[in-house]
Structures are given as structure tokens and as C-alpha cells.
Amino acid sequence: GNEKNIVILTRPRDYRKKRTNGMLLKVMKRKYRDYPNMVASYEKRAQTYNQSLELVAAEEETGRAFVIAPMGDLDIGRTERNPEKMKKAYREGYYVTEGLLEKLQKYLKEIK
């Protein structure tokens with residue numbers, strides 16, 4: 001219900017998640033057979049993720065979202081522990097946001 005949203009992506013705008021590896025899914029189904037909903041959710045995660053990105057793009061187009069995204073791959077994992085990689089990713093986010101600051105301020109001042 002928000003009129004304006006700021007969305008921060010951790011992947012470039014054109015990134016799309018690929019379907020889960022079939023072999024991995026078979027292993028998960030066997031290992032987590034007592035948790036079928038979790039496996040089903042994992043199986044659909046690429047589709048769900050990509051639909052979310054489509055929604056973000058549509059909201060940006062209508063002016064209901066302002067998107068901040070890295071310009072390229074951050075070369076960082078979900079559970080990254082390398083402090084230098086983390087600092088590099090932080091700096092990129094900082095510089096990208098700094099470059100968008102004027103547009104962001106304008107976006108926040110506009111009343112629809």
C-alpha cells in the first residue's frame with residue numbers, strides 16, 4: 001500500500017535466477033521427504049524470485065519504486081565471510097547510491 005518504495009537489489013537489474021538443478025532437487029526430495037512444502041518452495045524459488053523482479057520493474061515504471069542495483073556482479077556469496085569482498089561490495093553500493101542521490105531526492109519529493 002505504499003505510494004513510494006525504495007528497492008535495493010543485490011544483483012544487477014538484468015539478473016534472473018535459473019531453475020534448480022534437477023539432480024540437486026532429487027537429493028533434496030529424498031533428504032527432506034518429511035518436509036514436502038519446503039522442497040516445493042525450493043523447486044519454485046527461481047520462478048518466485050523472477051516474478052518479484054518483474055513486479056519491481058513494473059512498480060519502477062509506474063513511479064511507485066526507486067531501484068538501486070549494482071552495475072555488475074558483486075562476486076560475493078550468500079554467506080560470504082571474506083572481509084575484503086564484503087568491503088568491496090559495500091563500497092560499490094555506496095558509490096552507486098551516491099551517483100543516484102540527486103534522482104532519489106527528486107523521487108522522494110514528488111507527490112503523485
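# Briefing: helices, cores and single residues

At 56% relative accessibility, Glu3 counts as exposed, because the cut-off for exposed is over 50%. The model is a predicted one. Two nonpolar cores are described below, one of 7 residues and another of 5 residues. Helix 1 and helix 2 also meet, and they are roughly antiparallel to each other.

**Glu3, before strand 1**

- Glu3 sits in the segment before strand 1.
- Glu3 is in contact with Gly63, Arg64 and Tyr107, leaving aside neighbours within four places in sequence.
- Glu3 and Val67 are 64 residues apart along the chain, and their C-alpha atoms are separated by 14 Å.

**The nonpolar cores**

- The largest nonpolar core has 7 residues: Val7, Leu9, Leu53, Val56, Ala65, Val67 and Ala69.
- Helix 3 (45-61) supplies at least two residues of this core, and so does strand 2 (65-68).
- Apart from this core lies another, of 5 residues, including Phe66, Ile68, Val96 and Tyr107.
- Ala65 is in contact with Asn5, Val7, Val56, Glu59, Glu60 and Tyr107, leaving aside neighbours within four places in sequence.
- Among those contacts of Ala65 are Val7 and Val56, which are also listed in the largest core.
- Tyr107 belongs to the other core, and Tyr107 is also in contact with Glu3.

**Helix 1 against helix 2**

- Helix 1 covers residues 22-31 and helix 2 covers residues 36-43.
- Their axes come within 9 Å and cross at roughly 165 degrees.
- An angle over 145 degrees counts as roughly antiparallel, so helix 1 and helix 2 are roughly antiparallel to each other.
- The crossing of helix 1 past helix 2 is right-handed.
- On the helix 1 side, Leu24, Leu25, Met28 and Lys29 take part; on the helix 2 side, Met38, Val39, Tyr42 and Glu43 do.
- The residues of this contact divide into 6 nonpolar, no polar and 2 charged.

**Thr20, in a loop**

- Thr20 lies in the loop between strand 1 (5-8) and helix 1.
- Thr20 counts as buried because its relative accessibility is 16%, and the cut-off is under 20%.
- Leaving aside neighbours within four places in sequence, Thr20 is in contact with Leu25, Tyr42, Glu43 and Arg45.
- Leu25, Tyr42 and Glu43 also take part where helix 1 meets helix 2.

**Asn50, in helix 3**

- Asn50 is a residue of helix 3.
- With 15% relative accessibility, Asn50 counts as buried.
- Asn50 touches Arg16 and Lys17, not counting residues up to four places away in sequence.

Definitions and conventions: Residues numbered from 1 in each chain as written. Predicted model: local features only at pLDDT ≥ 70, side-chain atom pairs only at ≥ 80, totals over all residues. Heavy atoms only, no water. Axes fitted to C-alpha atoms, helices over the stretch in contact; angles between N-to-C directions. Helix = DSSP H or I, 4+ residues; strand = E, 2+ residues; numbered from the N terminus. Parallel < 35°, antiparallel > 145°, perpendicular 65-115°, else oblique. Left-handed = near helix turned anticlockwise from the far one by under 90°. Contact = heavy atoms within 4.5 Å. Nonpolar A, V, L, I, M, F, W, Y, C, P; charged D, E, K, R; others polar. Buried < 20%, exposed > 50% of the residue type's maximum accessible area, 1.4 Å probe, protein only. Core = buried A, V, L, I, M, F, W, Y, C linked by side-chain atoms within 4.5 Å.
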